[in-house]
Each structure stands twice: as C-alpha cells, then as structure tokens.
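Here is a briefing on one protein chain. Look through the sequence and the model first, then read on.

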Amino acid sequence: MKNTLNATHLVKTYGPVRALNDVSITVESGSSVAIMGPSGSGKSTLLHALSGILRPDSGTVNLGPIDVTGLSDTERSKLRRDRFGFVFQDGQLVDELTAAENVAFPLLLNGWKRGRALKEAEHWLKRLGLDGMGNRKPGEMSGGQAQRVAIARALVHKPSVVFADEPTGALDQATGHEVMQILTTVCQMSGASLIVVTHDLEVAKWCNRLVEIRDAIIHDDRKLGVGR
Ligand code: ADP
C-alpha cells in the first residue's frame with residue numbers, strides 16, 4: 001500500500017548501548033499502533049527511526065515505495081514536513097503565536113499563502129471543538145485544549161502517518177481519554193496511520209494494536225479489541 005510504513009532489521013547503538021536490536025515492524029496504512037515498554041527499552045529510538053528523525057545504523061524504513069533511510073537529511077526533512085505529523089507530550093506549541101497560527105504553521109512551511117492557511121487552520125480548530133478559540137495564545141488555553149491545537153497542527157497538512165510521543169503524559173486521566181478519542185477519530189477520518197508511544201495501557205487501548213518493546217527488541221505484538 002502507498003502509505004504502509006515498513007521497517008526491517010533496525011539496529012541503533014549509542015556507544016555500548018544497543019537501543020534497537022534488529023527490530024522489524026509493519027504499520028498498515030490507516031491503522032493505529034501503541035508502543036509500550038519500560039523506560040530505556042528503545043521506544044523513542046524506534047519512533048525516531050520510523051519518522052526519519054534519526055537514521056539507524058542498519059536496517060531500512062520504507063513509506064510505501066520510498067526508502068526513507070536512503071534519503072539525504074534534507075530529503076528526510078522534507079518528507080517529514082509533507083507526509084508525517086507529530087504530537088508531543090507538552091504540545092510544543094509556539095507560545096507567541098495564536099492557536100490558528102500554530103495550526104497554520106505546517107501549511108506555511110509547505111508554501112501556502114497566509115490567508116488560505118489560516119482559514120484551513122480555523123476549519124481544523126472547529127473540527128476539534130475549538131471554534132472561536134483561534135485567536136488565543138497557548139498560555140490562555142487549558143492543557144487539553146492546547147493538546148487539541150497540537151493535534152490539529154499534526155493533521156492539517158493531511159499526513160500519511162501521525163507520530164505521538166506520550167500525547168497524554170501531561171494531562172489528567174479524563175482529559176487524556178478525551179484527547180485520545182479525538183486523536184484516534186481524526187486520524188481515522190483523515191486516513192492517517194497513528195503510532196503512539198505511551199506508558200499507559202488505558203491510552204494504548206485506543207489503538208488497534210499493541211507492540212511491546214523490551215531490551216531493544218519487540219517482545220510482544222498483538223491486536224487489541226477496537227471500539228469504545
Ligand atoms: P525509551 O523511549 O523506551 O525510554 P530510548 O529509546 O529513549 O528508550 O532509549 C533506549 C536506550 O538508548 C537507553 O538505554 C538510552 O539511555 C539510550 N539512548 C537513547 N538516546 C540516547 C542518546 N542520544 N545518547 C546516548 N544514549 C541514548
């Protein structure tokens with residue numbers, strides 16, 4: 001499939017530490033995968049290798065027909081901007097920009113005119129239940145609202161894959177569930193695959209599949225019951 005993410009035999013070492021030890025994983029187009037495992041087991045390294053943030057020592061990552069590991073740094077940056085969306089624990093919104101400007105940012109990077117980008121951003125904010133909040137700065141919003149802005153920003157350019165690193169880590173449980181519900185729903189509506197790193201099994205349960213990493217290898221990989 002065009003948007004299937006396929007990683008084979010990934011190895012990444014940091015000095016004497018093997019952070020990934022021959023990891024292979026396929027994420028089907030439009031599916032959602034939670035990655036769990038103890039601290040230091042290699043989750044972030046895997047997320048970074050899959051999303052082209054780091055290049056593994058060996059092994060390959062393909063997005064459909066594109067060999068991500070074979071791209072230059074500049075080409076990988078462009079691929080990340082065009083095809084991937086990112087949601088982080090603390091949102092990582094730009095405090096000086098309004099919610100709408102934050103959401104419009106990826107479109108501006110991709111060459112959209114400001115007016116059109118802001119209009120599209122407002123459309124996404126509305127879709128995520130933030131109608132009328134486009135002019136607020138992140139500091140004027142609750143943690144859950146700010147995380148919805150971050151989700152809008154991750155999806156506004158219609159990415160093939162959304163990577164979320166502890167997206168609910170800074171939220172209380174109820175807000176975290178709301179954010180996961182929204183994240184999984186909008187990814188599904190957009191046809192984007194979703195890869196979530198989390199410590200929380202309740203968060204993982206929003207995904208179709210659970211991959212457990214231990215000591216730099218995939219220890220378990222199973223389907224989860226869908227539908228909440
Ligand atoms: P997790 O996300 O599961 O906590 P990581 O992927 O961050 O695990 O780390 C896996 C291993 O690689 C750990 O032993 C960690 O200390 C090591 N590691 C990760 N990033 C670096 C780095 N930039 N430099 C040195 N060691 C690193």
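The points below go from the whole chain to its sheets, helix 1 and a few single residues.

This is a predicted model. The chain has seven helices and ten strands. Its radius of gyration is 17 Å, close to the 17 Å from the globule rule for 228 residues, so the chain is as compact as a globular protein of that length.

**Overall build**

- Along the principal axes, the C-alpha atoms fill a box of roughly 50 × 40 × 35 Å.
- Buried residues make up 51% of the 228 in the chain.
- Take the contacts with a separation of 6 or more: 66% of them join residues 24 or more positions apart.
- The accessible surface is about 10,700 Å². Carbon and sulfur atoms hold 50% of that surface.
- The chain carries 27 positive and 25 negative charges. The mean positions of the two sets are 6 Å apart.

**The four-stranded open sheet**

- Four strands form an open sheet in the order 2-1-4-5. The pairing is antiparallel.
- Strand 2 (17–27) and strand 5 (66–67) are the edges, and each of them pairs on one side only.
- Strand 1 (residues 5–14) pairs with strand 2 over eight bridges, in the antiparallel sense.
- Lys-12 is placed opposite Leu-20 of strand 2.

**Strand 9 and its partners**

- Strand 9 (residues 209–214) is mostly covered, with five of its six residues buried.
- Strand 9 pairs in the parallel sense with strand 3 (residues 32–36), over four bridges.
- Strand 9 also pairs with strand 10 (residues 217–223), here in the antiparallel sense and over six bridges.
- Arg-209 appears in both pairings. It is the bridge partner of Val-33, and it stands opposite Lys-223 in strand 10.

**The hairpin turn**

- Two residues lie between the strands in the hairpin of strand 9 and strand 10.
- Asp-215 is in this loop. Its phi is near 45°, a positive value in a residue other than glycine.
- Ala-216 is in the loop as well. The phi of Ala-216 is near 75°, again positive in a residue other than glycine.
- Which of these residues is buried, and which is exposed? Asp-215 is exposed, at 70% relative accessible area. Ala-216 counts as buried, at 2%.

**Helix 1**

- Helix 1 (residues 43–50) has six of its eight residues buried, so the rest of the structure largely encloses it.
- The buried residues are Lys-43, Thr-45, Leu-46, Leu-47, Ala-49 and Leu-50. A lysine, Lys-43, is among them.
- Gly-52 comes just after helix 1 and has a positive phi of about 75°.

**Phe-163 in strand 7**

- Phe-163 belongs to strand 7 (residues 161–165). It is buried, with a relative accessible area of 1%.
- What does Phe-163 touch, leaving aside neighbours within four places in sequence? Its contacts include Leu-47, Leu-50 and Ser-51. Two of these residues, Leu-47 and Leu-50, are buried residues of helix 1.
- Leu-5 is also in contact with Phe-163. Strand 1 covers residues 5–14.
- Further contacts of Phe-163 are Phe-84, Gly-85, Phe-86, Val-87 and Ile-195.
- Phe-163 and Gly-134 are 29 residues apart in sequence. In space they are 24 Å apart, C-alpha to C-alpha.

**Thr-168 after strand 7**

- Thr-168 is in the loop between strand 7 and helix 6 (173–190).
- Is this loop residue, Thr-168, buried or exposed? Thr-168 counts as buried, because its relative accessibility is 10% and the cut-off is under 20%.
- Not counting residues up to four places away in sequence, Thr-168 touches Gly-176, Val-179, Met-180 and Val-203. Helix 6 spans 173–190.

Notes: Residues numbered from 1 in each chain as written. Predicted model: local features only at pLDDT ≥ 70, side-chain atom pairs only at ≥ 80, totals over all residues. Heavy atoms only, no water. Rg over C-alpha atoms; globule rule 2.2 N^0.38 Å. Buried < 20%, exposed > 50% of the residue type's maximum accessible area, 1.4 Å probe, protein only. Contact = heavy atoms within 4.5 Å. Areas by Shrake-Rupley, 256 points an atom, 1.4 Å probe, with all protein chains shown as cover. Lys, Arg positive; Asp, Glu negative; His and termini not counted. Charge placed at Lys NZ, Arg CZ, Asp CG, Glu CD. Pairing = 2+ DSSP bridges.
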